[in-house]
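Good morning, and thank you for making time for this item. Please look at the sequence and the model on the screen, and I shall then go through them with you.

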Amino acid sequence: MIIPKLHYITQGTNVKEHLENIQKACTSGAELVQLRLKDVSEKKILKTALKAREITSHFQTRLIINDHYKIAKKVKADGVHLGKEDICPKEARKHLYSWQIIGGTANTLGDCEGLVKKEVDYIGLGPFRYTTTKKNLSPILGLNGYLTIIDELKTTTPIIAVGGIKLEDVKEILKTGVSGIAVSSKITQDFNVIGEFHRLLNTGSSLEQQYSFKNNN
């Protein structure tokens with residue numbers, strides 16, 4: 001199975017906007033959408049996730065749920081993305097379907113090493129630069145941060161760069177050895193840039209890297 005090179009992390013001032021933005025992202029060719037709702041009740045997240053699953057299924061877009069692994073299982077999302085404060089990926093794995101993927105958030109080499117040991121399917125490493133999307137932002141990595149960590153880590157686990165990434169950053173970021181990027185603000189501001197990001201990432205071409213998933217039950 002392939003981990004898409006471009007992840008769209010949802011934004012919106014309310015649940016309705018998140019769903020509208022998922023629709024727009026899918027229409028514009030997004031391959032993977034991460035539903036990221038903060039300060040919303042679990043009941044509301046479940047309701048939104050069910051609607052998000054309907055939209056993404058129609059477009060054959062993958063859906064990842066941020067934080068809530070039980071909701072990811074309930075709506076049969078393609079996986080879950082776990083933050084540093086969330087449940088251990090190995091523990092979450094016990095509750096999920098064997099085909100569901102698990103991503104984890106990292107900011108340091110130590111974070112990445114821990115996630116590799118916990119057998120995540122991809123690592124979201126960032127932030128690349130300052131971003132207002134996330135509260136309590138970890139230290140900025142920049143290109144040198146990615147280069148240092150990836151050089152030391154030497155892993156086959158896909159690394160997805162995240163945090164304030166713009167179109168003009170893509171070529172340089174890819175040179176560090178990351179597998180792909182996650183974008184929120186830049187796509188939400190203009191969904192037409194999804195096509196541009198795909199072009200820069202060579203998405204769907206013969207250069208697409210394939211990663212085999214471990215079939216953990």
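Pro127 sits in the loop between β6 and α6 (142-153), where helices (H or I, at least four residues) and strands (E, at least two) are DSSP runs, numbered from the N terminus. A cis peptide bond, with omega at about 5°, links Gly126 to Pro127. I should say at once that this is a predicted model: local features need pLDDT of at least 70, side-chain atom pairs count only at pLDDT 80 or more, and totals for chains, interfaces and linings use all residues. Residues are numbered from 1 along each chain as its sequence is written, and side-chain values use heavy atoms, with hydrogens and water left out.

Two further loop residues deserve a remark on backbone geometry. Asp39, in the loop between β2 (32-35) and α2, is not a glycine and yet has a positive phi of about 55°. Lys154 belongs to the loop between α6 and β7, and its phi, near 45°, is likewise a positive value in a residue other than glycine. Are these two residues, Asp39 and Lys154, buried or exposed? Asp39 counts as exposed because its relative accessibility is 71%, and Lys154 counts as exposed because its value is 67%. The cut-offs are under 20% relative accessible area for buried, over 50% for exposed, and partly exposed in between, with a 1.4 Å probe and protein chains only.

Let me turn to the strands. Which strands pair with β5? On one side, β4 (residues 79-82) and β5 are joined in the parallel sense over 4 bridges, and His81 has Gly103 of β5 as its bridge partner. With β6 (residues 122-125), β5 also runs parallel, again through 4 bridges; here Ala106 stands opposite Leu125. Pairing, as used here, requires that DSSP find at least two bridges between two strands.

The connections around β5 are also of one kind. β4, helix α4 (residues 89-95) and β5 form a right-handed β-α-β unit, and β5, helix α5 (residues 109-117) and β6 form another right-handed β-α-β unit. Right-handed means that, with the strands pointing away from the viewer, the path from the first strand over the helix to the second runs clockwise.

How many of the residues of β5 are buried? In this strand, residues 101-106, the count is 6 of 6. In a regular strand the side chains alternate between the two faces of the sheet. In β5 both faces are covered: Ile101, Gly103 and Thr105 are buried on one side, and Ile102, Gly104 and Ala106 on the other.

Beyond β6, the pairing continues. β6 and β7 (residues 159-162) are parallel over 3 bridges, with Gly124 matched to Ile160 in β7. β7 and β8 (residues 180-183) are parallel over 3 bridges as well, and Ala161 is matched to Ile181 in β8. The chain passes from β7 through helix α7 (residues 170-175) to β8 in a right-handed β-α-β crossover.

Next, helix α1 (residues 15-27), which holds His18 and Asn21. His18 counts as buried because its relative accessibility is 5%; Asn21 counts as buried because its value is 7%. A polar side-chain atom of His18 lies 3.4 Å from the backbone oxygen of Gly12. A polar contact is a pair of N or O atoms within 3.5 Å; within protein, one must be able to donate a hydrogen and the other to accept it, and residues adjacent in sequence count only if both atoms are side-chain atoms. Setting aside residues up to four places away in sequence, His18 touches Thr10, Gln11, Gly12, Leu35, Arg36 and Leu37. On the same basis, the contacts of Asn21 (heavy atoms within 4.5 Å) include Tyr8, Thr188 and Phe191.

I close with the whole protein, which has 9 helices and 8 strands. Of its 217 residues, 49% count as buried. Its radius of gyration is 16 Å, which agrees with the value near 17 Å for a compact globule with 217 residues; the radius is taken over C-alpha atoms, and the globule rule is 2.2 Å times the number of residues to the power 0.38. Among contacts with a separation of 6 or more, 58% join residues 24 or more positions apart.
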